[in-house]
Amino acid sequence: MSARPERPVGIDELLEQVREGLDRVDATEAYDLFKAGEALLVDTRYAALRERDGLIPGALVVERNELEWRLDPQGSHRAAEATSHDLRVVVICNEGYASSLAAVSLRQLGLHRATDLVGGFQAWKAAGYPVTP
């Protein structure tokens, strides 16, 4: 059994801790990496947000509750894009909060280059990068 922490960690502190280990990217860097074929963009937003705001053309859509199963290169339910633990994955949520936690979870599976998009889909859209309805 594991020992209980001395005090509970709030979500703001947890985000700060996990982000220290991520090389988070902004919308421009994510776009450049994606266009160069150097990163897989993974949209984890739920269906209602995708329907409301649109999609990033070419991004892999994987809802958050399926992410680890779909991106684990050793998993039996992996997506075709989940080819290697060396894959550079940029996780995208709506505003860049849940994606940080998701990226850390992927790193725990051995995807050591997983990170997330600062500001999420909303930052991508605000920067004027492609979005389809």
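Which residues does Val9 touch, leaving aside those up to four places away in sequence? In this predicted model, Val9 touches Leu14 and Gln17. Val9 itself is found in the segment before helix α1. With a relative accessible area of 44%, Val9 counts as partly exposed, because the partly exposed class lies between 20% and 50%.

It helps to place this corner within the whole chain. The protein has six helices and four strands, and from the N terminus on these elements run α-α-β-α-β-α-β-α-β-α. The radius of gyration of the protein is 15 Å, close to the 14 Å that the globule rule gives for 133 residues, so the protein is as compact as a globular protein of that length. Taken along the principal axes, the box filled by the C-alpha atoms is roughly 50 × 30 × 25 Å. Of the 133 residues, 41% are buried. Contacts across the sequence follow a clear count: among those between residues at least 6 apart, 66% join residues at least 24 apart.

One helix pair deserves a closer look. Helix α1 covers residues 11–20 and helix α5 covers residues 98–108; their axes come within 10 Å and cross at roughly 50 degrees. The two helices are therefore oblique to each other, since an angle of that kind falls outside the ranges for roughly parallel (under 35 degrees), roughly perpendicular (65 to 115) and roughly antiparallel (over 145). The crossing in which α1 passes α5 is left-handed. On the α1 side, the contact is made by Ile11, Leu14, Leu15, Val18 and Arg19, and on the α5 side by Ser100, Leu101 and Val104. Sorted by class, this contact of α1 with α5 has six nonpolar residues, one polar residue and one charged residue. Leu14 thus links two parts of the picture, because this residue of α1 takes part in the contact with α5 and is also touched by Val9.

What is the state of the α5 residues, buried or exposed? Within α5, the buried residues are Ser99, Ser100, Ala102, Ala103, Val104, Ser105 and Leu106. Ser100 and Val104 appear both in this buried set and in the contact with α1. The cover over the buried residues of α5 includes α1, α4 (67–71), β3 (89–92) and β4 (115–116). Just after α5 comes Gly110, where phi is positive, at about 100 degrees.

Terms used:
Residues numbered from 1 in each chain as written. Predicted model: local features only at pLDDT ≥ 70, side-chain atom pairs only at ≥ 80, totals over all residues. Heavy atoms only, no water. Axes fitted to C-alpha atoms, helices over the stretch in contact; angles between N-to-C directions. Left-handed = near helix turned anticlockwise from the far one by under 90°. Contact = heavy atoms within 4.5 Å. Nonpolar A, V, L, I, M, F, W, Y, C, P; charged D, E, K, R; others polar. Buried < 20%, exposed > 50% of the residue type's maximum accessible area, 1.4 Å probe, protein only. Rg over C-alpha atoms; globule rule 2.2 N^0.38 Å.
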